[in-house]
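Dear colleague,

I am passing on the structure we spoke about, with some notes on what turned up when I went through it. Please look at it first and then read on.

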Amino acid sequence: MSRRHWASAAAVVLTSALIAPAQAAAAPTPQPADLGMAQLTDLYVATTTDGRELLRFSAMIVNVGSGPFELFASRADTSSSFEVAQRTHHSDGSTTDSPTTAEMVYGGDGHDHWHVRDLEGYELLRLDNGVKVGTGSKSGFCFFDTDPYALDLPGAPGGPRYSYTTCGKQDSLDVSMGLSVGWGDEYPWNLPDQYIDITSVDNGKYRLRATADQGGLFTEASESNNVTWVDIRLSRRGGKTSVKIISYGPDALSSGGDGGGGGGGNGVGNGGTPPGHR
Ligand SMILES: [Zn+2]
């Protein structure tokens with residue numbers, strides 16, 4: 001090789017060294033999930049046979065991030081408790097798993113699969129002073145793609161990618177759950193625990209608030225868009241309790257995040273349970 005070629009080769013090496021930082025910047029970037037809540041729907045008051053009043057509603061947790069929300073839980077044997085890891089996808093297709101403090105609980109009683117605790121929290125607050133007067137009954141969740149929410153988001157699959165089947169059985173040692181970009185996991189009003197007991201709540205104005213990842217157990221792109229709410233008026237007249245909607249708060253796409261707007265449909269009177277749900 002002539003001296004000139006050596007020089008040329010050296011120049012190439014030097015050039016590579018110079019552009020290396022740019023290549024590093026273009027290296028795999030994390031594509032974090034971003035949890036939020038769609039607008040609450042289907043509010044009504046049910047009276048049980050033993051005289052309790054339940055404020056029922058449909059809620060949907062959604063992923064408006066740039067990658068899927070995935071949890072992988074495993075345990076050594078059936079007498080051990082699960083360790084729960086959150087899996088983050090990267091732009092080159094690689095993934096990394098991070099430990100979480102999330103807990104798993106077995107949902108017997110018709111569910112017959114594993115739930116992750118406290119994925120969502122529901123609270124009823126007095127509108128005048130913020131005092132909490134009720135808490136949602138449901139605390140465990142097997143989440144997956146049940147409803148499209150914002151399929152125009154980059155990376156949103158056109159069809160569901162996750163199902164309840166990976167929530168396992170009682171003796172499972174490995175369980176997983178996922179929620180795709182642009183998809184929601186709806187908990188319809190008629191599910192057994194999908195309510196707040198308002199038997200001892202006075203007439204008046206309240207805020208029904210739903211929070212995704214209320215305990216801050218999971219990593220996501222933004223914590224500022226996890227909450228939605230609806231302000232309501234409870235009234236009892238002639239032995240009948242009714243709920244009237246005053247106004248809606250933001251949802252996952254209209255709060256905090258990058259604008260967007262739009263989002264989930266606000267279905268009314270939808271009584272259906274998605275096939276195989278929970
Ligand atoms: Zn379940």
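Which residues of the largest nonpolar core touch the most other members? In this model, which is predicted, that core has 46 residues, and the ones with the most contacts to other members are Phe 69, Met 104, Val 116, Leu 119, Leu 124, Phe 143 and Leu 208. Val 116 can be followed further: leaving out residues up to four places away in sequence, Val 116 touches Leu 71, Ala 102, Glu 103, Met 104, Ser 139, Gly 140, Phe 141, Phe 143, Met 177 and Phe 218. There is also a second, separate core of 11 residues, with Met 60, Val 62, Ala 150 and Val 181 among them.

Phe 141, one of the residues that Val 116 touches, lies in strand S12, which covers residues 140-141. Phe 141 counts as buried because its relative accessible area is 0%, where the cut-off is under 20%. Apart from neighbours within four places in sequence, Phe 141 is in contact with His 115, Val 116, Asp 118, Leu 119, Glu 120, Tyr 122, Met 177 and Tyr 187. Asp 118 and Phe 141 are 23 residues apart in sequence, and their C-alpha atoms are 7.5 Å apart in space.

His 115 leads on to the metal site, where the zinc ion is coordinated by His 111 through ND1, His 113 through NE2 and His 115 through NE2, at 2.0 to 2.1 Å. The spacing of these donor residues in sequence is H-x1-H-x1-H, and both His 111 and His 115 are buried.

The same part of the chain holds a hairpin, formed by S8 and S9 with five residues between them, and in its turn Asp 109 has a positive phi of about 60°. Strand S8 (residues 104-107) and strand S9 (residues 113-117) run antiparallel and are joined by four bridges, with Trp 114 in S9 as the bridge partner of Tyr 106.

Turning to the sheets, one open sheet has five strands in the order S11-S10-S17-S18-S19, with antiparallel pairing. Its edge strands, each pairing on one side only, are S11 (132-135) and S19 (240-248), and from one strand to the next the twist averages 30°. Within this sheet, strand S10 (residues 120-126) is paired with S11 in the antiparallel sense over three bridges, and Glu 123 stands opposite Thr 135 in S11.

One further histidine may interest you: His 90 is found in strand S6, residues 83-90. Its relative accessible area is 13%, and His 90 therefore counts as buried. Setting aside residues up to four places away in sequence, His 90 touches Pro 28, Thr 29, Pro 30, Gln 31, Thr 95 and Thr 96.

For the protein as a whole, there are one helix and 19 strands, and 44% of the 278 residues count as buried. Of the contacts between residues at least 6 apart in sequence, 69% join residues at least 24 apart.

Finally, a word on confidence: the pLDDT averages 86 over the protein, and 82% of the residues score at least 70. Residues 1-18 stay under 50, and for them the model has one contact beyond four places in sequence. Residues 257-278 are also below 50, although the model gives this stretch 43 contacts beyond near neighbours in sequence. Where pLDDT is low, the predicted coordinates should not be read in detail.

With best wishes

Terms used:
Residues numbered from 1 in each chain as written. Predicted model: local features only at pLDDT ≥ 70, side-chain atom pairs only at ≥ 80, totals over all residues. Heavy atoms only, no water. Donors = N, O, S within 2.8 Å, 3.2 Å for Na, K, Ca; no water. Buried < 20%, exposed > 50% of the residue type's maximum accessible area, 1.4 Å probe, protein only. pLDDT = per-residue confidence, 0-100. Contact = heavy atoms within 4.5 Å. Core = buried A, V, L, I, M, F, W, Y, C linked by side-chain atoms within 4.5 Å. Pairing = 2+ DSSP bridges. Helix = DSSP H or I, 4+ residues; strand = E, 2+ residues; numbered from the N terminus. Axes fitted to C-alpha atoms, helices over the stretch in contact; angles between N-to-C directions.
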